[in-house]
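Me: I want the reasoning behind the labels, not just the labels. Can you take me through it?

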Amino acid sequence: MLRASDLEFRYRPEEAPYRFSFEAAAGEVTAISGASGSGKSTLLDLLAGFLQPSRGALTLDDTNLLPLEPEHRPVSLLLQSDNLFEHLSAVGNVDLGMPRGERGREKVDDALAEVGLSGLGGRPASTLSGGQKQRVALARTLLRNRPVLLLDEPFSALDDETRGTVRTLVGELTNRHSWHTVLVSHHADDIAALASRHYRIIDKKLSEAV
Ligand SMILES: Nc1ncnc2c1ncn2[C@@H]1O[C@H](COP(=O)(O)OP(=O)(O)OP(=O)(O)O)[C@@H](O)[C@H]1O
């Protein structure tokens with residue numbers, strides 16, 4: 001279980017703090033929604049370690065995540081777009097996900113096959129469609145093997161059909177690899193299709209939506 005307990009943060013001393021508490025289970029997608037400016041990116045930045053809370057707790061099972069630098073957190077982040085190095089091939093982008101000693105073409109090809117991109121590994125990322133790029137980023141996440149996946153509006157740049165297939169893939173990978181997937185989305189249909197739990201940010205706190 002990924003668990004935040006009263007994770008407190010403020011950008012300026014004079015403002016009221018965010019105080020985030022929530023749970024995200026393994027193998028499930030947990031959705032976070034909220035109005036523009038309500039603090040969704042702030043929450044993801046706290047989970048990823050780009051921001052440090054002034055108090056509270058953040059644990060993954062028995063591990064305290066707060067002392068860990070972003071690169072040492074068991075966390076991958078997938079944004080709306082710009083997740084890849086455009087000049088590198090799909091294989092090159094996926095390969096970057098693995099620690100140096102463990103790199104290998106066979107693992108990369110397996111990961112690309114799992115996201116439905118067999119045969120496209122040699123293509124420069126700049127020549128791939130939006131949906132294909134998100135699949136490459138998911139293949140890289142597979143090889144990083146980090147159990148927390150943070151998704152910030154990952155389907156927003158995709159057309160409706162592609163959106164559906166990439167969304168289904170995220171659900172399948174989360175389930176198969178027991179990821180704790182945290183999905184920030186404005187879209188009720190994405191949340192309804194994927195999420196087991198849904199929190200809304202209201203007044204700087206998370207409330208579970210029913
Ligand atoms: N570095 C910063 N310094 C000061 N205030 C900030 C900083 N980053 C964000 N904020 C403010 O904190 C609030 C929450 O911002 P955040 O980006 O987390 O919202 P959001 O819900 O992700 O918004 P959106 O849906 O528009 O992306 C906003 O009022 C924003 O202006």
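Reply: What follows covers a helix pair, a ligand shell and a domain contact in a predicted model.

Me: Why is H3 called oblique to H4?

Reply: The axes of H3 (residues 105-114) and H4 (residues 130-144) cross at roughly 130 degrees. Roughly perpendicular ends at 115, and roughly antiparallel means over 145. The angle fits neither class, so H3 is oblique to H4. The two axes come within 9 Å, and the crossing is right-handed.

Me: Which residues in H3 and H4 meet?

Reply: From H3, Lys107, Ala111, Leu112 and Glu114. From H4, Ala139, Leu142 and Leu143.

Me: What makes the contact of H3 with H4 count as 5 nonpolar and 2 charged residues?

Reply: Ala and Leu count as nonpolar, Lys and Glu as charged. Lys107 and Glu114 are therefore the charged residues. No polar residue takes part.

Me: Why does the shell around the ligand have 7 polar residues?

Reply: The shell holds Gly34, Ser36, Gly37, Ser38, Gly39, Ser41 and Thr42. Gly is classed as polar, so these glycines count along with Ser and Thr. Tyr11 is the nonpolar residue and Lys40 the charged one, because Tyr and Lys fall in those classes.

Me: How do you know that domain 1 and domain 2 touch?

Reply: Contact requires C-beta atoms within 7 Å. By that test, 12 residues of domain 1 are in contact with 11 residues of domain 2. H5 gives the most to the domain 1 side, with 5 residues. That side divides into 7 nonpolar, 3 polar and 2 charged residues.

Definitions and conventions
Residues numbered from 1 in each chain as written. Predicted model: local features only at pLDDT ≥ 70, side-chain atom pairs only at ≥ 80, totals over all residues. Axes fitted to C-alpha atoms, helices over the stretch in contact; angles between N-to-C directions. Helix = DSSP H or I, 4+ residues; strand = E, 2+ residues; numbered from the N terminus. Parallel < 35°, antiparallel > 145°, perpendicular 65-115°, else oblique. Left-handed = near helix turned anticlockwise from the far one by under 90°. Contact = placed C-beta atoms within 7 Å. Near = placed C-beta within 6 Å.
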